[in-house]
Amino acid sequence: MKTIIEPFKIKTVEPIKFTTKEERIEILKNAGYNPFMIPAEDVIIDLLTDSGTSAMSSKQWSGIMDGDESYAGARSYYRFEQVVKELTSFKHIIPTHQGRAAEKILFSIFGGAGKFIPNNTHFDTTRANIEYSGATALDFPCKEGTDPDYIADFKGNIDLDMLEDFLLKNKNSVPLVMLTVTNNSNGGQPVSMENIKKTKEVCSRYNIPLFLDACRFAENAYFIKLREQGYKEKSVREIAKEMFSYADGCTMSAKKDALVNMGGFLALNDDDIALKARNILVVTEGFPTYGGLAGRDLEAIAQGLIEVLDENYLKYRIRTIEYTSEKLINAGVPILVPPGGHAIYLNAKKFAPHIPPEQFPGHSIVCELYLHAGIRAVEIGSIMFGKYDKNTGKHIPPKMELVRLALPRRVYTQSHVDYVIEAIIEIYNNREKLKGYRFTYEPPILRHFLAKLEPIL
Ligand SMILES: *Cc1c(COP(=O)(O)O)cnc(C)c1O
């Protein structure tokens, strides 16, 4: 049989509220043409993010009932600790309320003025926590990773020459190197085992610890199984374990590959660092056996980390993204290739070349997706990352103008995906009608969250 089916049956359903185009015109206007301001109830298919939006399994829900809410030494903590240890082999497992809380603790210890933290590409919260500590966050993505049209298996890799070069000159100011798997800010592209291993070798030469930002470790491991020589016969669990074996620790947002709605952890080997981390944890998050979480959350994470390594699940997950991108490519829609693990990215520069970057082509597509079909996506382009020239006040666009459609895990079925594909193709076929936008309110920082806009008629 060729047909790949969703590897689950649906026991609980959540109705989708349908809206008409007339209603959506009003809703979008009231939201100041900002998708973050649309009430989720008024969205038909919500592809804003894959973070914290997973559907939990019946076993996870029964874990929620079964959670031990004791303050200290809860049974649920020991189960969580055992599952994470078995997977990562790290000695110290420290629960946090989400990924950024683990980052905050890590960089309270390793950050500070004059320090540099290299990564393949830092995620925004990682960068923010590093910069908040006074340190500098550096991105060393591999060359293939910066070209949206270049086809390669592991576009998430770190550029090892740039890393080595930097360490040669600055090793005393680099307390830590990170690798983000998969590389979220670079399109969810995977990192190869070879690249992880070689990064570790470089770090070892300079005696610098390597940490994984492991949010999507299972998706990354599955790509290694599919694409990297020597891994076809290995289980995804074995591959994931090997990935962790090259690291000295990791930060994790359980809202991604642990299939839960809230949670995270910091895991590491070094006893002294772990002691420091737990001392910060008790001030900012909670006692070491619950961190920022309830016992029931720890149960759900433990179960999610087991389920995410089910290869039927990963096959369905990765195939859904691949299927969507094949249909879009066949219809001529410009997307970032090859597709990564958790999202489709439309290339807005090619999709709407008549809209200049300062009139936000990606945003225009995002608005039309909502108006046309009630689909919520997010612009990753000039609104999110555009800057102004200090002297001339002229808009400086980022390298790429993208629209991200992130797929929540286990939430939507193939017909939902077919609906999304149809909507994108219809909008693409009428792309000359897309209009530019301008700000009516422009917030000073992180402007995509609170901005208000209007179409330029
Ligand atoms: C989501 C994410 C984080 C932050 O995790 P939160 O749980 O949202 O705080 C860090 N790194 C990457 C790569 C992520 O995708």
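**View 1. Helix 8 and what packs over it.** In this predicted model, the cover over the buried residues of helix 8 includes helix 3 (75-88), helix 7 (193-205), helix 9 (236-245), strand 7 (249-253), helix 11 (295-307) and helix 12 (311-330). Helix 8 itself runs over residues 217-227, and nine of its 11 residues are buried, so the rest of the structure largely encloses it. Here's the roll call of those buried positions: Phe 217, Ala 218, Glu 219, Asn 220, Ala 221, Tyr 222, Phe 223, Ile 224 and Lys 225. Some background for reading the helix: with 3.6 residues a turn in an α-helix, residues three or four places apart point the same way.

**View 2. Val 191, a loop residue with plenty of company.** Val 191 sits in the loop that links strand 5 (177-180) and helix 7. Is Val 191 buried or exposed? With a relative accessible area of 0%, Val 191 is buried. Two of the residues that Val 191 touches, Asn 220 and Ile 224, are also on the list of buried residues of helix 8. Take Asn 220: 29 residues separate it from Val 191 in sequence, yet their C-alpha atoms are 6.8 Å apart. Leaving out residues up to four places away in sequence, Val 191 also touches Asn 120, Phe 154, Gly 156, Asn 157, Leu 179, Thr 180, Val 181 and Ile 196.

**View 3. Thr 199, inside helix 7.** Thr 199 belongs to helix 7, one of the elements covering helix 8. Its relative accessible area is 0%, and Thr 199 counts as buried. Which residues does Thr 199 contact, once neighbours within four places in sequence are left aside? They are Ile 158, Leu 160, Leu 163, Val 177, Leu 179 and Leu 210. With Ile 158, the C-alpha to C-alpha distance is 7.9 Å across a gap of 41 residues in sequence. Leu 179 turns up again here: Thr 199 contacts it, and Val 191 touches it too.

**View 4. Gln 98, just ahead of helix 4.** Gln 98 is in the loop between strand 2 (92-96) and helix 4. At 12% relative accessibility, it counts as buried, because the cut-off is under 20%. Setting aside neighbours within four places in sequence, the contacts of Gln 98 are Met 252, Lys 255, Met 262, Gly 263 and Gly 264.

**View 5. The ligand and its shell.** There are 14 residues around the ligand, and the closest are Arg 100, Asp 213, Arg 216, Ser 253 and Lys 256. By type, the shell splits into six charged, six polar and two nonpolar residues. Helix 4 (residues 99-110) supplies the largest share of that shell, with three residues. For the polar pairs, Asp 213 puts a polar side-chain atom 2.7 Å from a ligand nitrogen, while Asn 184 has one 2.9 Å from a ligand oxygen. Ser 253 joins in as well, with a side-chain N or O atom 2.7 Å from an oxygen of the ligand. How much of the ligand does the protein bury? On its own the ligand exposes 380 Å², and the protein buries 98% of that.

**View 6. Zooming back out to the chain.** The protein chain has 17 helices and 16 strands. Its radius of gyration is 22 Å, close to the 23 Å from the globule rule for 457 residues, so the chain is as compact as a globular protein of that length. Of those 457 residues, 57% count as buried. Among contacts with a separation of 6 or more, 72% come from residues 24 or more positions apart.

Terms used
Residues numbered from 1 in each chain as written. Predicted model: local features only at pLDDT ≥ 70, side-chain atom pairs only at ≥ 80, totals over all residues. Heavy atoms only, no water. Near = heavy atom within 4 Å. Polar contact = N/O pair within 3.5 Å; in protein donor to acceptor, adjacent residues only side chain to side chain. Areas by Shrake-Rupley, 256 points an atom, 1.4 Å probe, with all protein chains shown as cover. Helix = DSSP H or I, 4+ residues; strand = E, 2+ residues; numbered from the N terminus. Nonpolar A, V, L, I, M, F, W, Y, C, P; charged D, E, K, R; others polar. Rg over C-alpha atoms; globule rule 2.2 N^0.38 Å. Buried < 20%, exposed > 50% of the residue type's maximum accessible area, 1.4 Å probe, protein only. Contact = heavy atoms within 4.5 Å.
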